[in-house]
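This report looks at pockets, cavities and a few helices. Please keep the model open while reading.

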Amino acid sequence: MNEPPSSSPAVAHRWVSLFAICTAAGMVWLAFGDLSVAIPQIADEFNGNLSSLQWANNAFSLVTGALVITAGKFGDLFGRRRMLQVGTVLLAVFSVPAALAPDIGWLVLSRGLMGIGAALILPASLALIPPEFSGKAETTAFSVWQAVAWGGLSVGPALSGVITDGLGWRWLFWINLPLAVITLVVVRVTTPESRDETAGHTIDWLGLGLASIVLAVFALLYALTEGPSQGWGSPLIVALFVATVVLSVVWWFVERHVSQPLVDLKLFKIRAYNGALAANLTMNFTFAGMSFLLVLWLENARGYSAVEAGVLMLPATVGVFLFIPLGGRLAIRWGGRLPAVVGLVVASAGLTLLGSLGTRSSTEYLAVALIVIGLGLGLVSTPVANTTVGEVPIDLAGTAAGVFKMSSMLGGALGVAVLTAVARELTTRDAASVVEASGLSPADISQFRRHW
């Protein structure tokens with residue numbers, strides 16, 4: 001397919017459209033990445049413990065990840081531009097009760113409702129790219145989208161720190177309103193509608209009614225979040241792990257046998273698609289979990305302010321932006337596998353460096369580790385997005401994007417839950433020996449443990 005001249009109005013039009021699409025996606029990734037820096041301030045205001053604060057952070061990604069496949073299917077059936085617009089409105093509207101939240105429970109609920117809008121935005125924003133771009137321009141467009149995604153994740157803590165220390169953490173939600181207005185106006189003017197014209201307008205309502213995948217994810221995250229305090233062998237936690245497996249099997253069985261499945265399982269017969277999903281899940285698991293714990297450690301163990309902790313996370317952005325173009329060029333020349341594998345190896349090296357970080361480590365050492373992680377993520381990002389959306393049949397583009405972004409959001413939520421659970425378990429063991437040697441009464445020790 002021949003590309004029109006770069007100076008033609010059609011080309012200029014589609015790049016403005018990409019700006020609006022990426023602005024919508026940027027709102028999602030900022031919301032995903034900006035709360036961790038503000039958590040100490042929120043904890044002080046609401047007197048919340050670590051479990052409740054994890055839910056405030058994870059409610060958004062949990063709802064987004066659980067609904068994003070459904071949202072991708074809606075885009076295929078009813079129009080991807082329409083779903084992007086509806087999602088932008090919902091994200092902005094539900095930001096208002098989050099900004100006005102009187103307690104931690106209301107904040108968790110509002111963040112979860114914001115996730116409904118985010119679920120509609122993410123697959124639509126990706127699936128709108130192939131109809132407007134092709135060839136090298138499509139790869140460039142995916143690179144821009146991925147730069148915005150990872151930029152939002154890594155710039156989010158710095159922006160959050162500035163806003164939290166300046167205007168207060170509630171302005172993390174007010175900022176969504178002007179961004180939503182800009183997105184809606186530009187998308188309305190520049191972005192053509194896109195849908196799967198061959199799809200029947202029926203959906204796997206049985207799968208939606210059972211909500212099995214939603215409940216499975218919730219059960220897993222609840223078990224991981226509450227396991228350290230409840231005990232991993234407690235009947236509730238064991239039952240939740242069993243429920244996760246059972247509900248997942250139910251969902252798979254329903255999708256396999258209904259005429260209009262929520263997810264067409266033939267997607268998972270594409271080896272390249274499966275590999276890209278695995279890489280994406282791994283990236284988001286490690287980066288989100290690492291970021292959540294690292295920010296808390298910088299503020300609580302090292303005594304940095306919210307602004308300082310956020311700024312110290314920025315080197316990861318440098319690495320991402322430096323290598324995203326290289327990842328795109330390597331994918332064009334050699335295919336997606338080479339940059340994906342090399343990128344994961346580089347990111348692993350950065351995580352290894354970060355693993356030896358101590359209370360006396362210099363900020364320069366932290367910066368180097370984060371830059372290396374960012375370099376790896378930058379190499380992987382474009383090949384993964386291009387494979388999962390650009391190399392699947394066009395009639396499955398929305399669903400493929402939905403599954404892809406589900407792996408992003410749930411990978412991030414699982415990363416926070418799993419790594420926090422490990423950190424809490426290690427901290428609890430260290431604290432237990434100190435507390436038991438302190439001479440406190442059993443009642444005092446029991447009360448202390450409830451706040452770990």
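## The second largest pocket

This is a predicted model. Helix H18 contributes five residues to the lining of the second largest pocket, the most of any element. The pocket itself holds about 400 Å³ of space. Its lining counts 17 residues. Nearest the centre lie Ile 213, Val 403, Met 406, Ser 407 and Leu 410.

Four helices each give two or more residues to this lining: H11 (212-230), H12 (235-257), H13 (271-300) and H18 (397-436). The lining is made up of 14 nonpolar residues and three polar ones, with no charged residue.

## Leu 224 in H11

Helix H11 also holds Leu 224. Is Leu 224 buried or exposed? Its relative accessible area is 12%, so Leu 224 counts as buried, the cut-off being under 20%.

Leu 224 and Val 418 stand 194 residues apart along the chain. Even so, their C-alpha atoms are separated by 6.2 Å.

## The largest cavity

How many cavities of 30 Å³ or more does the structure hold? There are four. The largest has a volume of about 120 Å³. It is lined by 11 residues. Closest to its centre are Phe 32, Gly 33, Ala 288, Ser 291 and Phe 292.

Helices H1 (9-33), H7 (135-166) and H13 each supply two or more lining residues. H13 has the largest share, four residues. By type, the lining splits into seven nonpolar and four polar residues, and none is charged.

## The second largest cavity

The second largest cavity has a volume of about 60 Å³. Leu 30, Ala 31, Asp 34, Gly 156, Leu 159, Ser 160, Ile 163, Leu 172, Ile 175 and Asn 176 line it. Two elements, H1 and H7, give two or more residues each to this lining.

Which helix gives the most to the second largest cavity? H7 does, with four residues. The lining here includes one charged residue. The rest are six nonpolar and three polar.

## Helix H16

H16 runs over residues 337-355, 19 residues in total. At 1.5 Å a residue, H16 should span 27 Å. Its end C-alpha atoms are 27 Å apart, so the expected and modelled spans agree.

Six named residues of H16 are buried: Pro 339, Ala 340, Gly 343, Ala 347, Gly 350 and Leu 354. Why do they fall on the same side of H16? They cover an arc of only 95 degrees around the axis, which puts them there. The other side of H16 carries exposed residues: Arg 337, Val 345, Thr 352 and Gly 355.

## Helix H5

H5 covers residues 104-127, with 24 residues. At 1.5 Å a residue, the expected span is 34 Å. The end C-alpha atoms of H5 are 35 Å apart, which agrees.

Where is H5 kinked? The kink is centred on Gly 117 and amounts to about 30 degrees. H5 is mostly covered, with 18 of its 24 residues buried.

Notes
Residues numbered from 1 in each chain as written. Predicted model: local features only at pLDDT ≥ 70, side-chain atom pairs only at ≥ 80, totals over all residues. Heavy atoms only, no water. Expected span 1.5 Å × (residues − 1). Buried < 20%, exposed > 50% of the residue type's maximum accessible area, 1.4 Å probe, protein only. Arc of directions from axis to C-beta. 1 Å grid on protein atoms, 1.4 Å probe; cavity = no way out; pocket = protein on both sides within 12 Å on 5 of 7 lines; lining within 4 Å. Points joined across faces, edges and corners; volume = space filled by probe spheres on them. Nonpolar A, V, L, I, M, F, W, Y, C, P; charged D, E, K, R; others polar. Bend = angle between axes of the 7 residues up to and from the residue.
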